[in-house]
Amino acid sequence: TVTDREDGSYQVAFTPQAAGSYVLSIVHQSGFVMYNSPITVSTGPVFAQKCIVRGIGLSTVEAGQLAKYTVQARDQASSPKTDGKASFSSDFTNSTLVYKTCTFNSTSLVYECEYYHTKTGVFELFVNLVVDGNKYPTLGSPFYVNVTAAAINAAGSSVSGPALTGGTAGVATALTIQSRDRYGNVVPFDPYSTRILYFRAVFARGADRQGAATPRSD
């Protein structure tokens, strides 16, 4: 905007839209160049709601597996901040993470964040900009992360049922195998999975018995 100060002078105000190197020229309507000089527009402070967060670690992850995503720091004008001085955190509102970190990659000029979670469920993940101990959610936060069970772990699974206490010769009996992963999460039956749970029962007398377990929804 140009404001006539009514004293023979004019005030010119403008807002740079992005950081970078420019040439500022002031030209009279006659075409005479009154001023022509390069100027540098620097980036402003990191603005949380302009930062770009990307990665598969923002949707579905397996318990115990390292989840990853990246953050591109930007100022209020959406100009990238590449000095590596910002700080970001991964915070679940209704659960505690076992491990999390965000470090600046000086080659890709983004922050590479990692975390892993050991409990199954759908959790709210806030990717926060941390400034003087205060946390500000980035664009898109919270992200809803579905943590699924890891592979079945024999040591963590349990066995129950009448067959554990004996039976009658010639009469069918049964037992229940509750499958869990190494973190204690129940591993539900997946009808689309190619994995089939097999068991082998070893008796002190007689032949071994083995077969495929019949999976249930729990």
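How many aromatic pairs does the structure hold? The structure holds 4 aromatic pairs, where rings of Phe, Tyr and Trp (its six-membered ring) pair if their centres lie within 6.5 Å, and planes under 30 degrees apart count as stacked, over 60 as edge-to-face and the rest as tilted. The model is predicted, so that local features need pLDDT of at least 70 and side-chain atom pairs count only at pLDDT 80 or more, while totals for chains, interfaces and linings use all residues. Residues are numbered from 1 along each chain as its sequence is written, and side-chain values use heavy atoms, with hydrogens and water left out.

## Aromatic pairs

A pair of aromatic rings is described by the distance of the centres and the angle of the planes. For F88 and Y111, the ring centres are 5.0 Å apart and the planes stand at 65°, so this pair is edge-to-face. F88 belongs to strand β8 (residues 88–92) and Y111 to strand β10 (residues 110–116), so the pair ties together parts that are 23 residues apart in sequence. Strands (E, at least two residues) and helices (H or I, at least four) are DSSP runs, numbered from the N terminus. F88 is buried at a relative accessible area of 7%, and Y111 is likewise buried, at 2%. Here buried means under 20% relative accessible area, exposed over 50%, and partly exposed in between (1.4 Å probe, protein chains only).

The rings of F92 and F123 have centres 5.8 Å apart and planes at 90°, so this pair is edge-to-face. It links distant parts of the chain, with F92 in strand β8 and F123 in strand β11 (residues 121–131), 31 residues apart. Both F92 and F123 are buried. Ring pairs also join F88, F104 and Y111 into a cluster.

## Salt bridges

Side chains of opposite charge can pair when their charged atoms come close. A search of the whole structure finds 4 salt bridges, each defined as a side-chain nitrogen of Lys or Arg within 4 Å of a carboxyl oxygen of Asp or Glu. Among them are the following.

| Salt bridge | Closest N and O atoms |
|---|---|
| E114 with K68 | 3.9 Å |
| K100 with D91 | 3.1 Å |
| K135 with D91 | 3.0 Å |

In the salt bridge of E114 with K68, E114 lies in strand β10 and K68 in strand β7 (residues 67–72), so the pair ties together parts that are 46 residues apart in sequence. E114 is partly exposed, with a relative accessible area of 21%, and K68 is partly exposed at 48%.

D91 is buried, with a relative accessible area of 15%, whereas K100 is partly exposed at 40%. K135 lies in strand β12 (residues 134–137) and D91 in strand β8, so their salt bridge ties together parts that are 44 residues apart in sequence. K135 is partly exposed, at 45% relative accessibility. Salt bridges that share partners join D91, K100 and K135 into one network.

## Surface patch

V2, Y10, V12 and F14 form a nonpolar patch on the surface, with about 480 Å² of accessible area together. Patches are made of residues with over 30% relative accessible area and no salt bridge, with like charges joined within 9 Å and nonpolar side chains (Val, Leu, Ile, Met, Phe, Trp, Tyr) within 5 Å. Accessible areas come from the Shrake-Rupley method with a 1.4 Å probe, and for residues only the protein chains shown count as cover. Within this patch, V12 is found in strand β2 (residues 10–12) and is exposed, with a relative accessible area of 56%.
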